[in-house]
Amino acid sequence: LSRAPLLEVMDTVSLDVHSTMEFPQTSMYTDGKYYFFPFPKTQKSGSKWYLHFLHELKYFVYEEIGEEIVLEKTVDLGVEAAVLPRAEDFEVAMKYSMTNQRPVSILQRYRFESKTIVFYKKGVHEEVLKQGQTEVDLELMDQTYAAVFDANNNLIQKGIEISAGLIFSRAITEDGEILVKKNQDYFGTEEDHVIYYKLKFFDENEKN
C-alpha cells in the first residue's frame, strides 16, 4: 500500500499508461501497520490535487508538473487530544472487532475560492466505548469541528464547533454554501421528507 501510486494516466493516442501521484511518505500508513483501511479521497482544483484519508488528520497537496502529479505539501491539522487509530499488524487487526475503536476522522473537505475547509472529529477513547454508550451519546461526545486554511494551505482557524446530527455531502454552491443533510437516525425521528441545511463561513475581519 505505501509503495503504490494513486493514479494512472493514459495517453489517448498511444494508449500508453503510466502511474503517478505517489503515495505520500508523510502519511502514517507508510509504516506497514494497520489503521483501518485508508479510504483515500482526491479532489482536483486547477493544477492542484488534494488528497486525504478517512482516519488521518492531514491532507496532502499535489502539483501537476508536466505529466506527473507530485507531492508539494503535507498539511497537518494540528489537533490536540486526538484519538489516533491503534497501530496493529494486519494479522492481529483481523482478529478483533473494529467497533471497539472510534478514532479521528475527516468527514469532508471542501475547496472554495482560495480557502480549504475541513470538517473532522477527534474520536472517542476505547475506555469510553467499553462503557456501552449509545450512538447518540457517542455522537455528542465526538464533537464535529471545522478547520479553515488559506490559499497557501496555512491554518487560519481550527476547532470551530459544528452542530451534531449532520451528514456532509460533497456539494458546495458557487456562493460557498455547504449542503449538509439532517441525520434522522441521530434525532430519532422518521420524517416524510429529507431536510438539507446550508453552512457558510464568514471572515469576521472582512467588512460587509
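Two exercises on aromatic rings follow, each with a worked solution.

The model is predicted: local features need pLDDT of at least 70, side-chain atom pairs count only at pLDDT 80 or more, and totals for chains, interfaces and linings use all residues. Residues are numbered from 1 along each chain as its sequence is written, and side-chain values use heavy atoms, without hydrogens and water.

**Exercise 1.** Classify the aromatic pair of phenylalanine 23 and phenylalanine 53, and place both rings in the chain.

*Solution.*
1. Set the rule. Rings of Phe, Tyr and Trp (its six-membered ring) pair if their centres lie within 6.5 Å; planes under 30 degrees apart are stacked, over 60 edge-to-face, the rest tilted.
2. Count. The whole structure holds 13 aromatic pairs.
3. Apply the rule. Phenylalanine 23 and phenylalanine 53 are 5.3 Å apart centre to centre, with 20° between the planes, and are stacked.
4. Place the rings. Phenylalanine 23 is in the loop between β2 (17-20) and β3 (41-45), phenylalanine 53 in the loop between β4 (48-52) and β5 (58-65), so the pair ties together parts 30 residues apart in sequence. Strands are DSSP runs (E, at least two residues), numbered from the N terminus.
5. Widen the view. Phe23, Tyr29, Tyr35, Phe53 and Phe60 form one aromatic cluster.

**Exercise 2.** Find which lysine lies over the face of tyrosine 145.

*Solution.*
1. Set the rule. A charge sits over a ring if NZ of Lys or CZ of Arg is within 6 Å of the ring centre and within 35 degrees of the ring normal.
2. Apply the rule. Lysine 122 lies over tyrosine 145, at 5.1 Å from the ring centre.
3. Compile another case. Lysine 182 lies over the face of phenylalanine 187, at 5.2 Å.

Notes. Helix = DSSP H or I, 4+ residues; strand = E, 2+ residues; numbered from the N terminus.
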